[in-house]
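Hi,

Here is the structure I promised to pass on. Have a look at it first, and then read my notes below.

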Amino acid sequence: MAKQYGPEDCLLVIDVQNDFMPGGALAVAHGDEVVPVINRLAQAFARVVLTQDWHPADHVSFAANHAGTQPFQTVALPYGQQVLWPTHCVQDTHGAALHTGLEVQHAQMVIRKGHHREVDSYSAFMEADRATPTGLAGYLRERGVRRVFCVGLATDYCVAWSALDARAAGFEAVVVEDACRAIDLDGSLARAWQDLEAAGVRRVHSAALLS
Ligand SMILES: [Zn+2]
């Protein structure tokens with residue numbers, strides 16, 4: 001019988017949304033390939049939490065809202081450096097919807113992040129001002145979760161930041177490498193793996209979790 005993960009383990013499915021898929025507004029190369037891997041993993045987890053990037057149209061992370069800028073350039077905002085992105089995952093649009101191929105009907109919680117106009121939130125736990133919690137740490141703690149398995153998009157932004165913040169909040173954290181795909185902007189993927197390793201985040205392949 002395939003391995004099963006109990007109530008102390010949570011599969012955190014990060015931003016598997018249309019705008020991050022090939023053809024989407026902020027496409028992650030091969031982003032759709034994570035869907036079948038996540039579906040296989042999800043069958044093994046009793047606890048599944050989903051996140052959705054969920055921005056107002058006038059969000060501070062959109063290049064379109066900063067005159068004279070282009071997507072993927074970095075600007076200084078009051079809380080620090082911010083990459084400006086193409087307009088993506090606007091609340092209640094098709095682009096913000098979860099990929100319809102996800103088979104995670106038993107997911108118990110959806111965290112929507114990036115909904116404050118003035119602050120981005122790559123992390124599922126803490127907004128980019130590093131001061132505003134999303135509430136996920138408290139939710140997981142109250143449910144008795146001790147270990148978080150991070151999957152989804154993109155490895156070097158929302159997945160990495162979520163895994164690092166899971167560690168900072170006192171959880172064990174694991175990134176399932178083949179259940180993620182990266183944006184890799186100016187070496188961001190290599191930096192992310194370095195940061196994850198330094199923080200004690202485990203890097204595994206889905207096959208090792210399911211056998
Ligand atoms: Zn976003």
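To start you off: how many of the residues of α3 are buried? The count is 10 of its 14 residues, so that helix is mostly covered. Before I go on, please keep in mind that this is a predicted model.

**The covered helix**

The buried residues of α3 are Thr155, Asp156, Tyr157, Cys158, Val159, Ala160, Ser162, Ala163, Asp165 and Ala166. What do they pack against? The list is β1, β4, β5, β6, β7 and α4.

The contact with α4 can be followed in some detail. The axes of α3 (residues 155-168) and α4 (residues 188-198) come within 10 Å and cross at roughly 10°. With angles under 35 degrees counted as roughly parallel, α3 and α4 are therefore roughly parallel to each other. On the α3 side you will find Thr155, Asp156, Tyr157, Ala160, Ala163 and Leu164, and they meet Ser188, Leu189, Ala192, Trp193, Asp195 and Leu196 of α4. Sorted by type, the residues of this contact are 8 nonpolar, 2 polar and 2 charged.

Both ends of α3 have something to look at. Ahead of the helix, a cis peptide bond joins Leu153 and Ala154, with omega at about -15°. Ala154 sits in the loop between β6 and α3. After the helix comes Gly170, which has a positive phi near 100°.

**The zinc site**

Now for the metal. Which residues hold the zinc ion on the protein side? The donors are Asp53 (through OD), His55 (NE2) and His88 (NE2), and they lie 2.0 to 2.1 Å from the ion. Along the chain their spacing reads D-x1-H-x32-H. His55 belongs to the loop between β2 (48-53) and β3 (74-77), while His88 belongs to the loop between β4 (80-83) and β5 (109-113), so this pair ties together parts that are 33 residues apart in sequence. Are these histidines buried or exposed? Both His55 and His88 are buried.

**The sheet**

If you colour by strand, you should be able to trace an open sheet of 6 strands, in the order β5-β2-β1-β6-β7-β8, with parallel pairing. The edges are taken by β5 and β8 (202-204); each has a single partner strand, so one side of each is left without a neighbour in the sheet. On average, neighbouring strands here are turned by 25° against each other, ignoring direction.

For a closer look at one pair, try β2 and β5, which run parallel over 5 bridges. Val49 stands opposite Met109 in β5. Helix α1 (residues 34-42) packs on the sheet too, touching β1 (9-14), β2, β6 (147-153) and β7 (172-181). The direction of α1 makes about 140° with that of β7.

Then there are β3 and β4, which pair in the antiparallel sense over 4 bridges. A hairpin of 2 residues joins β3 to β4. Within this pair, Thr74 has Val83 of β4 as its bridge partner.

**Some loop residues**

Met21 lies in the loop between β1 and α1. Is Met21 buried or exposed? Its relative accessible area is 5%, and anything under 20% counts as buried, so Met21 is buried. Leaving aside residues up to four places away in sequence, Met21 touches Val16, Ala27, Gly31, Asp32, Val35, His99 and Leu153. Leu153 will be familiar from the cis peptide bond with Ala154. Met21 and Val34 are 13 residues apart in sequence, and their C-alpha atoms are 9.9 Å apart in space.

Finally, go to the loop between β7 and α4, where you will find Asp184 and also Asp186. Asp184 has a positive phi, near 55°, in a residue other than glycine. Asp186 is not a glycine either, and its phi is positive at about 55°. How do they stand towards the surface? Asp184 is partly exposed, with a relative accessible area of 42%, whereas Asp186 is exposed, at 68%.

That is what I have for you so far. Write back if you'd like to go through any of it together.

Best wishes

Conventions. Residues are numbered from 1 along each chain as its sequence is written. This is a predicted model: local features need pLDDT of at least 70, side-chain atom pairs count only at pLDDT 80 or more; totals for chains, interfaces and linings use all residues. Side-chain values use heavy atoms; hydrogens and water are left out. Donors are N, O and S atoms within 2.8 Å of the metal (3.2 Å for Na, K and Ca); water is not among the atoms, so sites may look incomplete. Buried means under 20% relative accessible area, exposed over 50%, partly exposed in between (1.4 Å probe, protein chains only). Two strands pair if DSSP finds at least two bridges between them. Axes are lines fitted to C-alpha atoms, for helices over the stretch in contact, and angles run from 0 to 180 degrees between N-to-C directions. Contact means heavy atoms within 4.5 Å. Angles under 35 degrees count as roughly parallel, over 145 as roughly antiparallel, 65 to 115 as roughly perpendicular and the rest as oblique. Ala, Val, Leu, Ile, Met, Phe, Trp, Tyr, Cys and Pro count as nonpolar, Asp, Glu, Lys and Arg as charged, and the others, Gly among them, as polar.
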